[in-house]
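Biologist: Could you walk me through the labels people put on a structure like this one? I'd like to hear what stands behind each word.

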Amino acid sequence: MNTTELAAHWMPFTPNKAFKANPRMLVGAQGMYWTTDEQRQVLDMTAGLWCCNAGHGHPHIAEAIARQAQTLDYAPCFGFGHPLSFELSERLAQLAPGNLNKVFYTNSGSESVETALKMALAYHQAQGNGGKQIFIGRERGYHGVNFGGISVGGLTNNHKAFGQWIPNDHLSHTQDLELNAFSRGLPLYGGEEKANELEKLIKRHDASRIAAVIIEPISGAGGVLPPPIGYLKRIREICDRHGILLIFDEVICGFGRTGNVFASQTFDVIPDIITTAKGLTNGAAPMGAVLAGDHIYEAVVEGAGAGVELFHGYTYSAHPLACAAAMATLDIYEQEGLYHRGAEKGELARYFEQGLHSLKGLPGVVDIRNYSLLAAVEFEPLNGKPGATGGLIQTAAWEQGMMLRSLGDAIAMSPPLIIEKSHIDDAIGILELSIRQQLS
Ligand code: PXG
C-alpha cells in the first residue's frame with residue numbers, strides 16, 4: 001500500500017510516521033506463522049498481542065463465528081439474553097478458581113479492568129463502606145488504557161500524558177537485578193519483603209479508605225516480571241487482614257499462559273475478582289470477562305432492591321459472535337491439552353528455559369527471565385537512548401522472520417501454546433543472531 005492509502009488510519013500505540021514510512025503488513029496467519037504482504041512466513045513468538053494462545057486460523061473457531069453470524073448476529077444484552085452467554089458463563093465458572101462463579105462480559109482487557117474496579121466500589125458501598133475508594137496498583141503494572149486502568153497502572157508514560165483520575169497508590173515493582181537476575185522460574189528472593197510494602201500503604205491511607213489491590217500475577221507489558229516466591233500469598237494475607245479486595249488482572253496470564261487455566265491456580269492464591277480478555281477468544285473476536293466471587297455478587301446483586309443493581313455494561317457485552325468464538329476456543333484448549341502444555345515443570349517449558357538461558361553472556365544481555373511459556377530478555381540501555389534496545393532487536397528479528405514484542409530495553413516472548421521444540425530452536429537462533437547483529 002502506498003503512503004496515500006495509509007494516511008487515514010491513526011494507528012494505536014504506534015509511531016505512525018515511522019510505520020507509514022516503512023509499513024509492516026500482515027495479510028494472513030496459520031498456526032505458528034504470519035504471512036506478510038511480501039509472502040514471507042514470520043514465526044509468531046508473541047501470540048499476536050499475547051492473545052492467540054491456540055495459534056492462528058483454527059477452523060473450529062472460524063466455523064463457530066460464521067455459524068453464529070448466520071443464526072443470531074446480535075442480541076441486546078440489557079434486559080434480554082441469548083442462551084450462549086449463559087452456557088459460556090457456566091463453563092467459565094467451572095474453570096475459575098474458588099468461588100469466582102459470576103461472569104460479567106466486556107469487549108477488552110481495559111473494559112474488564114474498569115468493570116472490576118466498579119465492582120469493588122459497589123461491593124464496599126453495599127456493605128456500608130462507601131469510604132473505601134482508593135485502589136492500590138503496582139509500578140510497571142499495565143491495566144489497559146481507560147482512565148481507571150491508567151490510574152492504577154504503573155506506566156509513567158500513561159500518567160504523564162493523561163493523569164491519574166481515581167484515588168490510587170502503588171506498590172513497588174518486584175524486579176531486582178541485584179538479587180534475582182537470570183532467574184529461572186520464580187525469583188527466589190525478596191517476595192515477602194516486597195509484599196509487606198502493602199502494610200505501609202495501608203498505614204498511609206488507612207484500610208477504611210482502600211477498596212482493592214489490583215495486580216497482574218506476572219506483570220506482562222511492564223516487562224514480564226514473575227512474582228518472587230511468597231509474594232502473592234503475602235499480598236492475599238494482608239488484604240484479608242484489612243478487608244481489602246484483591247483483583248488479579250489475568251488478561252495476559254489467563255487461559256494457559258502459566259500452565260494452568262488461570263495464574264491464580266498456578267500460584268495457589270485466590271483473588272476476589274479476576275479480569276480476563278485476549279486468550280478468552282484466542283484473539284479471534286474482541287471479548288473480555290470479569291470473574292467475580294459469589295460474595296461480590298451476593299452483596300451487590302442479592303442485597304439490592306428491585307431494579308438494575310450495577311449501573312454498568314456495554315452494547316456488545318456478551319456479543320453472540322464473541323461468545324461463539326469463546327466457546328470454540330475453550331473446546332480447543334481442552335481438546336488439545338493447551339492449558340497445561342506449558343506447565344512450568346513440563347518438558348516444553350524447560351526446553352524453552354534452557355534455550356533462553358543459553359543467551360546469557362551475549363553482548364548487552366543483563367537479564368533473562370521466564371515462567372512457563374512467557375519470557376523476557378533485557379538489555380543494557382544504549383548510551384543516550386534509554387528504552388531503544390528492544391525495538392532494535394524486534395526489528396532485526398522481524399527481518400529474519402520472527403515476531404517479538406519490544407518493551408523498552410527488553411524483548412518479550414509469549415508464543416502460542418501449540419509451539420513445538422523446533423520452533424523454539426528457530427526462535428532462539430534468530431534471537432541470538434539479532435542480538436549479535438545489533439549489540440556486538
Ligand atoms: N490488563 C493487562 C494485564 C493487559 O496486558 C490490558 C489489561 C488491556 O487490554 P486491552 O484488550 O484493552 O488492550 C492488557 C493489554 C504489549 C501490549 O505489547 C499489552 C497489552 C495490550 C497491547 C500491547 O505490551 N495488554
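**Helices, crossings and a ligand**

Modeller: Let's start with α16 and α17, which are oblique to each other. Before we go on, this is a predicted model, where local features need pLDDT of at least 70 and side-chain atom pairs pLDDT 80 or more, while totals for chains, interfaces and linings use all residues. Residues are numbered from 1 along each chain as its sequence is written, and side-chain values use heavy atoms, leaving out hydrogens and water.

Biologist: Why are α16 and α17 called oblique to each other?

Modeller: The axes of α16 (residues 389-399) and α17 (residues 421-439) cross at roughly 125° and come within 9 Å. Angles under 35 degrees count as roughly parallel, over 145 as roughly antiparallel, 65 to 115 as roughly perpendicular, and the rest as oblique. The pair is therefore oblique. The axes are lines fitted to C-alpha atoms, for helices over the stretch in contact, and angles run from 0 to 180 degrees between N-to-C directions. Helices are DSSP runs (H or I, at least four residues), strands likewise (E, at least two), numbered from the N terminus.

Biologist: What makes the contact between α16 and α17?

Modeller: Contact means heavy atoms within 4.5 Å. On α16, the residues include Leu 392 and Ile 393, and on α17 they include Ile 430 and Leu 431. By class, this contact has 8 nonpolar, 4 polar and no charged residues. Nonpolar covers Ala, Val, Leu, Ile, Met, Phe, Trp, Tyr, Cys and Pro; charged covers Asp, Glu, Lys and Arg; the others, Gly among them, are polar.

Biologist: Why are α10 and α11 called roughly parallel?

Modeller: Helix α10 (residues 191-205) and helix α11 (residues 231-242) have axes crossing at roughly 25°. That's under the 35-degree limit, so these two are roughly parallel. Among the residues that meet are Leu 198 of α10 and Ile 235 of α11. This contact divides into 7 nonpolar, 3 polar and 5 charged residues.

Biologist: Is the crossing of α5 and α14 left-handed or right-handed?

Modeller: It's left-handed, meaning that the near helix is turned anticlockwise from the far one by less than a right angle; clockwise would be right-handed. Helices α5 (residues 83-95) and α14 (residues 320-335) pack at about 35°, with their axes 9 Å apart. For contrast, α10 passes α11 in a right-handed crossing.

Biologist: Now the ligand. How do you know which residues surround the ligand?

Modeller: A residue is near a molecule or strand if one of its heavy atoms lies within 4 Å of it. There are 16 around the ligand, and the closest are Gly 109, Ser 110, Ala 221, Asp 249 and Arg 405.

Biologist: What makes the pairing of Arg 405 with the ligand a polar contact?

Modeller: A polar contact is a pair of N or O atoms within 3.5 Å (within protein, one must be able to donate a hydrogen and the other to accept it, and residues adjacent in sequence count only if both atoms are side-chain atoms). An N or O atom in the side chain of Arg 405 is 2.3 Å from a ligand oxygen, so the pair qualifies. A polar side-chain atom of Trp 50 lies 3.2 Å from a ligand oxygen, and a backbone N or O atom of Tyr 142 lies 3.4 Å from a ligand nitrogen.
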